[in-house]
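This report describes the two pockets that rank highest by volume in a single protein model, with attention to what lines each of them.

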Amino acid sequence: MPYEKIQGKNIYYEEYGEGDVIVFLNGIMMSTKSWSAFTDIFSENYKVLYVDLIDQGLSHKADEQYTQDMHVEILMELLKKLGYNKVHLFGVSYGGEVAQLFTLKYGNMVKSLILANTTSYTNKSMQDLQKAWDYAASTYDGSTFFNITMPSIYSYKFYEKNIEWLKEREKQFDELLDKAWYDGFRRAAKSANNLNITDRLHEINVPTMIISSELDTITPVEYQEVLYKNIPNARWTLIKDAGHASMYEKPYEFASILLGFLKTVKYKIEIV
């Protein structure tokens, strides 16, 4: 398995395709495997780099509580070890927060930035949601964790239409998630609790695409608008009838937006 040892921890990653590098940073419950359905389409014309952050997937677990800045430094070292001096950086939700922090510190390594269903500020409702999720994880019970977290991740429309599929996933939670996973999830969730970089968004000076979804209750549309208004020359696209997990609810729209942005980001279109 492909690992790089960074700061004493094994960081797991996967690479596919050739061309400009797109780095994928996971949402808090995700791992490299979460992107498998998209690999063929994304790697056809690009080199795709999936990364498990600390406490995710096959990467090592943390020894103590940390801040998201730790992910920034580990990612920087990983990219340097792999020989990638400049990349397209994509982050969804928690990964989007890390992507913003990375770009603020190492913008010289970022060709473009894509932020999906994320925020620059952990507000009071998000902090209380973190407490609820922390309690759910503390039970170490897959069904309890699933039923507390999933209704806010998926839109009510998707939930009603796909309830049988969701209940199968609930069974997988019981089978696959162990104490180490839950403890890692709790540390990761707490690491985002004090995020507040809205007043620094104007410092992001790379081409940026913001992907949001109409029915997202975790990072509502208003928070995507904050990103759009404060990041210079950002583009913004709204996916209709989708919740926080827009890449799963509307995979074709999601992929089209991401690839369309990458295909056009280097061009200046002037209407005459």
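In this predicted model, the second largest pocket is lined by Lys33, Ser34, Ser36, Ala37, Phe38, Ile41, Met247, Tyr248, Pro251, Tyr252 and Ala255. Its space comes to about 240 Å³. Helix H10 and helix H11 (251–264) each supply at least two residues of this lining, and the most comes from H11, which gives three residues. By residue class, the lining of the second largest pocket consists of eight nonpolar residues, two polar and one charged.

The largest pocket encloses about 1,000 Å³ of space, and 44 residues line it, among which Gly27, Ile28, Met29, Met30 and Trp181 lie nearest its centre. Two or more residues of that lining come from each of helix H3 (94–106), helix H4 (124–138), helix H5 (142–153), helix H7 (163–176), helix H8 (179–191) and helix H10 (246–249). The most is given by H4, with five residues. When the residues of this lining are divided by class, 24 are nonpolar, 14 are polar and six are charged.

The table sets out the two pockets side by side.

| Pocket | Volume | Lining by class | Element giving the most |
|---|---|---|---|
| Largest pocket | about 1,000 Å³ | 24 nonpolar, 14 polar, six charged residues | H4, five residues |
| Second largest pocket | about 240 Å³ | eight nonpolar, two polar, one charged residues | H11, three residues |

Which helix appears among the elements that give two or more residues to the largest pocket and also supplies at least two to the second largest? Helix H10 (246–249) is listed for the largest pocket, and H10 is named again for the second largest pocket.

Key
Residues numbered from 1 in each chain as written. Predicted model: local features only at pLDDT ≥ 70, side-chain atom pairs only at ≥ 80, totals over all residues. Heavy atoms only, no water. 1 Å grid on protein atoms, 1.4 Å probe; cavity = no way out; pocket = protein on both sides within 12 Å on 5 of 7 lines; lining within 4 Å. Points joined across faces, edges and corners; volume = space filled by probe spheres on them. Helix = DSSP H or I, 4+ residues; strand = E, 2+ residues; numbered from the N terminus. Nonpolar A, V, L, I, M, F, W, Y, C, P; charged D, E, K, R; others polar.
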